[in-house]
Amino acid sequence: MMSTRFLEMYSKSRHVIFMCNDAWSFYNFRYSIVRHLKEKNFNVTLLVPPHEVNEQFQKIGCEVDFCEFSNSYSPVKLFKDARAVARVLKKHPSSMSIIYTIKPIVAFGIASALGMAPGRAKTVAVVPGLGRFYSSSTL
């Protein structure tokens, strides 16, 4: 589990934004992290697609903002995703952004490169799934 000590060092405002393009898997694999942060009095904002599991995050006091990341890698759609990410980052200023899955990472990167996203936040980008491939004994 992610150390709250790490977050306390780098998240001076105690406000963390999580981004993910799959609310169901975020709930199933990251809910315990979010709940732990809420227990430690962090403000947590989620940027996820609309899904019924988002109610579970709202019940523990998280703010949930919605973003449907496109399934396309066309430059026009990526720019729209980047604008949506920038909108949320401006609406919810934080000192730490933790981004899961490649699509939100790309959208955040575009928003940052174009100056659309606030530049003061520390960012952690997590691409799940690569560890299993590289830990295989068949390589």
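Which residue forms a salt bridge with Glu39? In the predicted model described here, the partner of Glu39 is Arg35, and the closest N and O atoms of the two residues are 3.9 Å apart. Both residues belong to helix α2, which spans residues 23–39, and they are separated by four residues, or about one turn of the helix. An α-helix has 3.6 residues a turn, so residues three or four places apart point the same way. Glu39 is exposed, since its relative accessible area of 56% is over the 50% that the term requires. Arg35, by contrast, is partly exposed, with a relative accessible area of 37%.

The overall architecture is considered next. The chain contains six helices and five strands, and from the N terminus on these elements follow the order α-β-α-β-α-β-α-β-α-β-α. The chain has 139 residues, of which 42% count as buried. Among contacts with a separation of 6 or more, 70% are made by residues 24 or more positions apart. The accessible surface of the chain amounts to about 8000 Å², and carbon and sulfur atoms account for 54% of that area.

The count of salt bridges in the chain comes to three. Besides the pair within α2, Arg87 forms a salt bridge with Asp65, with the closest N and O atoms 3.7 Å apart. This pair links distant parts of the chain, as Arg87 lies in helix α4 and Asp65 in strand β3, 22 residues apart. Arg87 is partly exposed, at a relative accessible area of 40%. Asp65 counts as buried because its relative accessibility of 8% is under the 20% cut-off. Asp65 also forms a salt bridge with Lys91, the closest N and O atoms here being 3.4 Å apart. Again distant parts of the chain are linked, with Lys91 in helix α4 and Asp65 in strand β3, 26 residues apart. Lys91 counts as exposed, at 51% relative accessibility. Through shared partners, the salt bridges join Asp65, Arg87 and Lys91 into one network.

The interior was examined through its nonpolar cores. The largest nonpolar core has 20 residues, and the members that touch the most others are Phe18, Phe26, Val34, Val44, Leu46, Phe57 and Tyr100. At least two residues of this core are supplied by each of β1 (15–19), α2, β2 (43–48) and β4 (96–100). Helix α2 provides the largest share, namely six residues. Apart from this core lies another, of 18 residues, which includes Met19, Leu47, Ala82 and Phe108. When residues up to four places away in sequence are not counted, Val44 touches His15, Val16, Phe18, Val34, Leu37, Lys38, Cys62 and Glu63.

A buried polar position is found at Asn54, which lies in helix α3 (residues 54–59). The relative accessible area of Asn54 is 2%, and the residue is classed as buried because this value is under 20%. Leaving aside neighbours within four places in sequence, Asn54 is in contact with Ala23, Val48, Pro49, Val64 and Phe66.

Helix α5 comprises 12 residues, 102–113, and reaches 16 Å from its first C-alpha to its last, close to the 16 Å expected at 1.5 Å a residue. Its buried residues are Lys103, Pro104, Ile105, Ala107, Phe108 and Ala111. The cover over the buried residues of α5 includes β1, α4, β4 and β5 (122–126). Just after α5, Gly115 adopts a positive phi of about 75°.

On the surface, Tyr73, Ile102 and Val127 form a nonpolar patch with about 290 Å² of accessible area together. Within this patch, Tyr73 is located in the loop between β3 (63–66) and α4 (75–91). Tyr73 is exposed, with a relative accessible area of 52%.

Technical notes. Residues numbered from 1 in each chain as written. Predicted model: local features only at pLDDT ≥ 70, side-chain atom pairs only at ≥ 80, totals over all residues. Heavy atoms only, no water. Buried < 20%, exposed > 50% of the residue type's maximum accessible area, 1.4 Å probe, protein only. Contact = heavy atoms within 4.5 Å. Areas by Shrake-Rupley, 256 points an atom, 1.4 Å probe, with all protein chains shown as cover. Patch = residues over 30% accessible without salt bridge, like charges linked within 9 Å, V, L, I, M, F, W, Y side chains within 5 Å. Salt bridge = Lys/Arg side-chain N within 4 Å of Asp/Glu carboxyl O. Core = buried A, V, L, I, M, F, W, Y, C linked by side-chain atoms within 4.5 Å. Expected span 1.5 Å × (residues − 1).
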